[in-house]
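Good morning, and thank you for coming. I would like to take you through a structure that is new to this group, beginning with the ligand and its surroundings.

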Amino acid sequence: MDHFWVRRYGPWAVVAGAALGLGAEFCRQLAALGANLVMVALETDELDDLAAELRDQHGIETVTLTADLGTRKGLNEVIDATGELDVGLLVYNAGLSATAPFLDTPLSRHLAIVDVNIRGPLTLLDAFVPAMVERGRGGVILLSSMSSLTGTPLVSTYAATKAFTRNLAETLWDELAPDGVHVTAVLPGPTDTPGYRSSAPRPTRLTAQPMSVTPVVAETLAALGRRPTIVPGRPNRVAATVIERVLPRRMAVRFMGRTMRAMYARK
Ligand SMILES: NC(=O)c1ccc[n+]([C@@H]2O[C@H](COP(=O)([O-])OP(=O)(O)OC[C@H]3O[C@@H](n4cnc5c(N)ncnc54)[C@H](OP(=O)(O)O)[C@@H]3O)[C@@H](O)[C@H]2O)c1
């Protein structure tokens with residue numbers, strides 16, 4: 001158990017979107033650091049199995065919660081369930097996407113993406129950060145994406161919400177630093193998770209080998225308190241530098257469009 005981690009951030013971490021993929025890996029690595037976990041997901045089966053495994057392996061405490069983070073009711077359930085706990089870290093991991101041209105995506109889906117990817121983190125930040133500031137310690141990790149770097153055809157609203165997330169994290173990194181609260185946004189590239197696999201992308205030169213969740217989460221936890229944003233994986237960092245700093249904006253958008261169509265355009 002890493003007592004330093006628990007002393008620095010506090011005894012409890014909330015992982016919103018915890019059952020699978022990156023969220024489950026955040027739970028594994030935080031449990032190894034000695035953090036007790038509030039684990040939230042839509043379904044309980046995988047969540048309860050993972051919680052039992054982590055309690056056995058690391059002697060931590062867990063609270064599991066089924067809640068839809070895209071609804072005010074679900075968010076209130078998370079806030080109510082954590083009322084008595086000293087929450088030192090919030091990981092907002094849940095994310096909703098749609099892979100289709102903007103006009104082929106119903107408005108209801110665009111708005112659902114905004115609910116899960118923007119209203120959810122804003123609501124939980126509002127609920128958890130004031131107590132962190134009062135205690136003078138805490139941390140927040142927000143899941144952005146490399147699609148936040150520039151307009152990204154076929155995932156328009158998703159990419160826009162991830163740009164919002166990244167910008168918000170950068171601002172909070174600065175605003176909350178004097179209060180001892182660390183904020184970092186992670187911008188993963190393609191990462192091997194159930195969510196990524198179920199979107200069934202075709203491999204391209206850039207995306208043939210999605211990263212494993214283990215280094216993505218390890219690099220993110222290492223960046224907390226050091227950097228406002230982290231792009232895990234060296235090849236992704238090179239690609240991000242080219243997209244952001246080398247290519248003119250219109251070429252960067254075209255490049256993302258070509259890559260996305262190669263991965264997802266209908267066969
Ligand atoms: N994988 C990638 O390539 C990649 C790349 C860039 C960014 N990201 C970002 O990383 C984050 C995690 O992605 P992932 O690929 O690990 O996803 P994933 O495999 O689909 O897992 C998402 C987790 O979040 C939970 N969740 C989703 N919507 C929820 C909701 N409305 N309420 C409560 N829980 C919800 C799911 O719960 P259930 O299991 O119960 O459904 C699941 O445990 C997302 O924000 C995504 O945008 C991923």
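An oxygen atom of the ligand lies 2.9 Å from a backbone N or O atom of alanine 19. Please bear in mind that this is a predicted model. The backbone of glutamate 43 takes part as well: one of its polar atoms is 2.7 Å from an oxygen atom of the ligand. With lysine 162, by contrast, the side chain is involved, and an N or O atom there is 2.9 Å from a ligand oxygen.

How much of the ligand does the protein bury? Taken alone, the ligand exposes 900 Å², and 87% of that is buried by the protein.

Let us turn to the shell that provides this cover. There are 30 residues around the ligand, and those that come nearest are Glu43, Asn93, Tyr158, Thr191 and Thr193. Sorted by class, the shell comprises 16 nonpolar residues, 11 polar ones and three charged ones. Three helices each give two or more residues to the shell: helix 2, residues 21-32; helix 6, residues 156-176; and helix 7, residues 194-198. Of these, which gives the largest share? That is helix 7, with three residues.

I shall now consider individual positions, starting with alanine 41. This residue is found in strand 2, which covers residues 36-41. Is alanine 41 buried or exposed? Its relative accessibility is 9%, so alanine 41 counts as buried, the limit being under 20%. Its C-alpha atom is 5.9 Å from that of alanine 19, although the two residues are 22 apart along the chain. Alanine 19, you will recall, is the residue whose backbone N or O atom lies 2.9 Å from a ligand oxygen.

The next position is leucine 168, in helix 6, one of the helices that contribute to the ligand shell. Leucine 168 has a relative accessibility of 19% and therefore also counts as buried, since that value is under 20%. Between the C-alpha atoms of leucine 168 and tyrosine 9 there are 20 Å, and along the chain the pair is 159 residues apart.

Finally, I ask you to look at the surface. Val238, Val242 and Val246 make a nonpolar patch of about 230 Å². Valine 246 belongs to helix 9, residues 234-246. Why does valine 246 count as exposed? Its relative accessibility is 58%, and exposed means over 50%, so valine 246 qualifies.

Thank you for your attention.

How values were computed
Residues are numbered from 1 along each chain as its sequence is written. This is a predicted model: local features need pLDDT of at least 70, side-chain atom pairs count only at pLDDT 80 or more; totals for chains, interfaces and linings use all residues. Side-chain values use heavy atoms; hydrogens and water are left out. A residue is near a molecule or strand if one of its heavy atoms lies within 4 Å of it. A polar contact is a pair of N or O atoms within 3.5 Å; within protein, one must be able to donate a hydrogen and the other to accept it, and residues adjacent in sequence count only if both atoms are side-chain atoms. Accessible areas come from the Shrake-Rupley method with a 1.4 Å probe; for residues, only the protein chains shown count as cover. Helices (H or I, at least four residues) and strands (E, at least two) are DSSP runs, numbered from the N terminus. Ala, Val, Leu, Ile, Met, Phe, Trp, Tyr, Cys and Pro count as nonpolar, Asp, Glu, Lys and Arg as charged, and the others, Gly among them, as polar. Patches are made of residues with over 30% relative accessible area and no salt bridge: like charges are joined within 9 Å, nonpolar side chains (Val, Leu, Ile, Met, Phe, Trp, Tyr) within 5 Å. A salt bridge is a side-chain nitrogen of Lys or Arg within 4 Å of a carboxyl oxygen of Asp or Glu. Buried means under 20% relative accessible area, exposed over 50%, partly exposed in between (1.4 Å probe, protein chains only).
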